[in-house]
Number of protein chains: 2
Amino acid sequence: MSQATQNTQIKLIARPQGAPTAELFQVEHSTIPQAGDGQILVKQSHMSLDPAMLGWMSDDRESYIPPVELGDVMRSSGYAEVIESQHPDFAVGDKVTGMFGWQEYALSNGQGINKVDPNLSAEMVLSVLALPGLTATQGLLRIGQPKSGETLVVTGAAGSVGSIVGQLAKAEGLRVIGVVGSEDKADWIVNTLGFDAAINYKTDNLAQQLAELTPEGIDLFFENTGGPIQQHIYQRMNAHGRIVVCGMIADYTAATPAPGPNWMNIIRKRLTIQGFTMPDHFHEVPQLLELLVPYVQKGQIQYRSHTLKGLTSAVGGLNLLFTGGNQGKLIVEL
Amino acid sequence: MSQATQNTQIKLIARPQGAPTAELFQVEHSTIPQAGDGQILVKQSHMSLDPAMLGWMSDDRESYIPPVELGDVMRSSGYAEVIESQHPDFAVGDKVTGMFGWQEYALSNGQGINKVDPNLSAEMVLSVLALPGLTATQGLLRIGQPKSGETLVVTGAAGSVGSIVGQLAKAEGLRVIGVVGSEDKADWIVNTLGFDAAINYKTDNLAQQLAELTPEGIDLFFENTGGPIQQHIYQRMNAHGRIVVCGMIADYTAATPAPGPNWMNIIRKRLTIQGFTMPDHFHEVPQLLELLVPYVQKGQIQYRSHTLKGLTSAVGGLNLLFTGGNQGKLIVEL
């Protein structure tokens with residue numbers, strides 16, 4: 001069987017206990033399928049690695065979407081080209097995004113598949129116009145309701161979502177403080193993205209730095225990480241502050257989740273704390289893009305991607321999201 | 001000086017450390033003032049004792065309204081009759097509510113004073129149509145957005161606010177579980193007010209009882225108390241659940257506030273947690289009454305008041321709110 005007729009897939013074969021390891025996955029080879037009636041066959045060139053994926057691997061009945069079944073191809077979003085089409089809406093050569101999973105070739109009935117501008121790079125699409133940008137748009141613009149002159153603190157600020165959240169907030173006229181885990185990331189968000197300041201949660205005196213950098217308190221807190229800094233940010237919330245809870249990556253692999261802050265401040269400050277997940281909003285992608293694209297067109301959203309090579313690099317790559325070892329949006333180039 | 005010309009006032013002279021004690025207050029006698037131009041003089045017959053009062057006694061710069069200054073008459077709401085008027089909007093004999101404080105006679109320029117139907121008893125006014133009912137209306141109906149068929153859990157369910165929250169929710173067609181601290185209160189909310197069930201947080205197996213009583217999970221959580229049951233209720237919240245944070249009386253006197261729940265569920269369940277305090281909504285009292293009064297007119301809101309006699313009984317009475325020793329809305333009859 002020649003290379004060109006063979007599909008490579010990575011399947012989930014065990015549930016994670018803590019951080020994901022190579023033992024959870026199995027590489028399999030099979031014949032490339034053919035598009036049937038109403039189907040398309042795509043060749044995936046880039047896969048996105050996202051923090052939400054650990055949740056999809058866990059057999060948590062409380063989760064917001066069903067887990068990946070053991071023995072199924074690992075779920076992920078990606079960028080692909082249509083190479084066969086028996087579907088009226090898609091033509092061979094179309095560039096598309098969708099939940100193609102950890103495999104080189106994928107069949108689809110077209111549901112949840114979005115055609116994208118072929119002039120945009122795969123990196124741009126996956127880093128900004130796909131999940132990261134849509135998440136930032138829903139969380140910051142729709143839930144957070146940012147107002148010019150307010151102060152925003154965003155955790156995971158150099159991450160795929162956090163970096164866009166901060167840039168959208170800057171474009172809206174907010175003071176933006178980003179929390180990151182390395183000096184390189186601090187440098188990037190301040191000197192390239194234009195955040196007002198960065199706090200390195202690993203080295204800085206969190207309470208003191210936060211007090212110095214938010215002299216007028218915090219109106220908006222966009223939470224991507226959890227961890228000890230959550231309490232410090234929470235304590236500095238202003239009256240009528242909003243907290244958007246998007247991610248808690250510090251707790252995804254914790255055996256015992258850390259306690260949250262006492263609720264007294266929710267009353268005293270009349271706070272609103274709201275969580276969201278994107279599957280609730282997938283049907284609103286066009287409206288979200290309508291909000292997001294103008295910022296992109298004005299050049300207000302920069303990104304950097306961290307590209308790994310080869311399908312099997314995804315297994316180790318997933319771990320970078322938990323160690324913070326990635327620098328930019330994690331993408332696997334096939 | 002005869003009884004009729006003397007005013008008695010109770011002033012706050014020290015800040016509380018933990019639960020309020022008699023040493024924080026001083027009784028003073030003075031001449032009854034006279035209404036000047038644009039003023040009214042009222043004779044107060046009933047004062048309301050409310051959990052929020054401990055917050056008003058504390059010198060907490062983070063609080064939502066300024067504290068009572070040391071040496072000032074203790075702040076409280078009450079029911080009174082106008083006995084002198086130099087104000088165009090008020091006539092002698094009018095029955096009014098307002099923040100008259102711990103004193104028999106009070107002067108006012110009319111601001112924040114509401115005239116009430118003289119056919120309603122002072123107990124009805126203070127128990128339902130004043131702070132308790134307005135708070136329940138703002139928190140449950142406006143913030144909580146209850147929907148028929150949903151399940152509500154309310155803590156402090158036999159309290160002045162909680163008892164109205166539960167009755168409004170029953171009128172709206174919700175399943176209502178109340179958390180209380182005594183068998184008498186459990187009996188009252190179920191057999192008199194019509195709640196579906198009660199949980200006694202002091203004696204019951206909270207997690208097990210809650211699971212049995214909310215087989216379809218919890219859509220709405222109205223929090224008046226804090227305490228260990230908060231975690232159990234939080235864990236059973238359904239997707240898109242709402243948590244309205246109105247009071248945390250278990251923490252008002254705690255030296256170290258108890259930690260809150262981890263925020264993972266806020267994401268998983270896409271929860272909204274919102275705090276509120278009534279001073280933000282005092283300008284909306286007419287709109288709130290418009291929502292509340294129809295339930296009262298239909299006989300859907302019952303109350304019981306726990307009346308103490310004499311101005312000085314207020315000092316000890318305040319403590320009943322923290323021990324749960326009161327049975328119904330705490331009122332001091334002068």
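Let's start right at the interface of chain A and chain B, where eleven residue pairs are in polar contact, with both partners at pLDDT 80 or more. Keep in mind that this is a predicted model. Which elements of chain A supply at least two residues each to the side that touches chain B? They are β11 (218–223), α7 (229–235), β12 (237–245), α8 (249–252), α9 (264–268) and β13 (272–275). If we sort the residues on that side of chain A, we get 19 nonpolar, ten polar and eight charged.

Now, how many residues does each chain bring to the contact? Chain A brings 37 residues, and chain B brings 37 residues. People often express the size of an interface as the accessible area lost when the parts come together. Here, chain A and chain B bury about 3,000 Å² between them, and 63% of that is on carbon and sulfur atoms. Three residues to find on your screen are Trp263(A), Ile267(A) and Arg270(A): they supply 26% of the area that chain A buries against chain B, more than any other three residues.

Stay with Arg270(A) for a moment. Arg270(A) also forms a salt bridge with Asp280(B), with the closest N and O atoms 2.7 Å apart. Between chain A and chain B the count is two salt bridges.

The backbone joins in as well. β13(A) pairs with strand β13 of chain B, residues 272–275, in the antiparallel sense, over three bridges. Within that pairing, Gln274(A) has Thr272(B) as its bridge partner.

Next, let's look inside chain A. The domain assignment gives domain 1 (3–118 + 304–333) and domain 2 (131–280 + 290–294). The C-alpha centres of these two domains of chain A lie 29 Å apart. Where do they meet? In chain A, 15 residues of domain 1 are in contact with twelve residues of domain 2, and the two domains bury about 1,200 Å² between them, 66% of it on carbon and sulfur atoms.

Across this domain interface there is one salt bridge: Asp184(A) with Arg304(A), the closest N and O atoms being 3.1 Å apart. On the domain 1 side, helix α11 of chain A, residues 313–323, gives the most, with three residues.

Last stop, a bit of sheet in chain B. Strand β4 (residues 78–85) runs antiparallel to strand β5 (residues 95–98), and four bridges join them; Glu81(B) is partnered with Lys95(B). β5(B) also pairs antiparallel with strand β7 (residues 114–115) of chain B over two bridges, and there Val96(B) stands opposite Lys115(B).

Note on methods
Residues numbered from 1 in each chain as written. Chains lettered and ligands numbered in written order. Predicted model: local features only at pLDDT ≥ 70, side-chain atom pairs only at ≥ 80, totals over all residues. Heavy atoms only, no water. Contact = heavy atoms within 4.5 Å. Buried area = accessible area lost by both parts, 1.4 Å probe. Salt bridge = Lys/Arg side-chain N within 4 Å of Asp/Glu carboxyl O. Polar contact = N/O pair within 3.5 Å; in protein donor to acceptor, adjacent residues only side chain to side chain. Nonpolar A, V, L, I, M, F, W, Y, C, P; charged D, E, K, R; others polar. Pairing = 2+ DSSP bridges. Domains from an automatic or database assignment.
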